[in-house]
Amino acid sequence: MKKAQKGQKLPEPHPHIGLYTHAPAERSPHGWPLCVYCGQPADALDHQPPLSRVDDYQKLYLEREQYWQVKACKPCCELLGDDLQKDIFVRIEALKYRLQRTLRRHDAALSWADDDLAELGHSLRSKVSVSAAVVSATQPRIDYQGGLRLLREAARRT
């Protein structure tokens, strides 16, 4: 928790924050928490439902699902935004779908033959290499299942 500077007040916590269960996070070999969605180092928190949408969520879903606060990376948080999903497992599926869309956009670049690449100008060759890097970085994020496994175990316990 942040300490207040002399003469400064800390902001009040969000009124709905008490509704959330803290989800367990996998840890890297160095002990850092990993993003529940993709397995990258976690540097943010994500909420299901998003804090800004709790009232909407309660109106839409009469049966109250578990509210989760999970460790996440900023790219996953930005990709999900404050979109509303029924539960954390649907939220994970939504993120994986968005990552797959990104993969499809860049996947065509991998079909270039080396001879064809040599004929391209520098700018196009660099775009193809950037797309190849995006594909190689995105596929492991899609394949990651560690956070899902921990969430299922935690959901069974609650």
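**Exercise 1. Determine what share of the contacts between residues at least 6 apart in sequence joins residues at least 24 apart, and set out the fold around them.**

Solution. Among contacts (heavy atoms within 4.5 Å) between residues at least 6 apart in sequence, 70% join residues at least 24 apart. The model is a predicted one, in which local features need pLDDT of at least 70, side-chain atom pairs count only at pLDDT 80 or more, and totals for chains, interfaces and linings use all residues. Residues are numbered from 1 along each chain as its sequence is written, and side-chain values use heavy atoms, with hydrogens and water left out.

The next step is the order of elements. The protein has 6 helices and 3 strands, taken as DSSP runs numbered from the N terminus (helices: H or I, at least four residues; strands: E, at least two). From the N terminus the order is β-β-α-β-α-α-α-α-α. Of the 158 residues, 36% are buried, where buried means under 20% relative accessible area, exposed over 50%, and partly exposed in between (1.4 Å probe, protein chains only).

**Exercise 2. State how many salt bridges there are, and locate the pairs formed by Arg149, Asp46 and Asp83.**

Solution. Side chains of opposite charge can pair when their charged atoms come close. With a salt bridge defined as a side-chain nitrogen of Lys or Arg within 4 Å of a carboxyl oxygen of Asp or Glu, the count is 4.

- Step 1. Arg149 pairs with Glu26, with the closest N and O atoms 2.5 Å apart. Arg149 belongs to helix 6 (residues 146-157) and Glu26 to the loop between strand 1 (21-22) and strand 2 (44-48), so that 123 residues separate them. Arg149 is partly exposed, at 43% relative accessible area.
- Step 2. Asp46 and Arg91 form a salt bridge at 2.8 Å, N to O. Because Asp46 lies in strand 2 and Arg91 in helix 3 (residues 88-107), the pair ties together parts 45 residues apart in sequence. Both Asp46 and Arg91 are buried.
- Step 3. Asp83 and Arg98 form a salt bridge, their closest N and O atoms being 2.5 Å apart. Asp83 is in the loop between helix 2 (74-80) and helix 3, while Arg98 is in helix 3, 15 residues apart. Asp83 is partly exposed at 30% relative accessible area, whereas Arg98 is buried at 16%.

**Exercise 3. Identify which residues form the negative surface patch.**

Solution. The patch consists of Asp114, Asp115, Asp116 and Glu119. Asp114 is located in helix 4 (residues 114-119) and is exposed, with a relative accessible area of 64%.

Conventions:
Patch = residues over 30% accessible without salt bridge, like charges linked within 9 Å, V, L, I, M, F, W, Y side chains within 5 Å. Areas by Shrake-Rupley, 256 points an atom, 1.4 Å probe, with all protein chains shown as cover. Lys, Arg positive; Asp, Glu negative; His and termini not counted. Charge placed at Lys NZ, Arg CZ, Asp CG, Glu CD.
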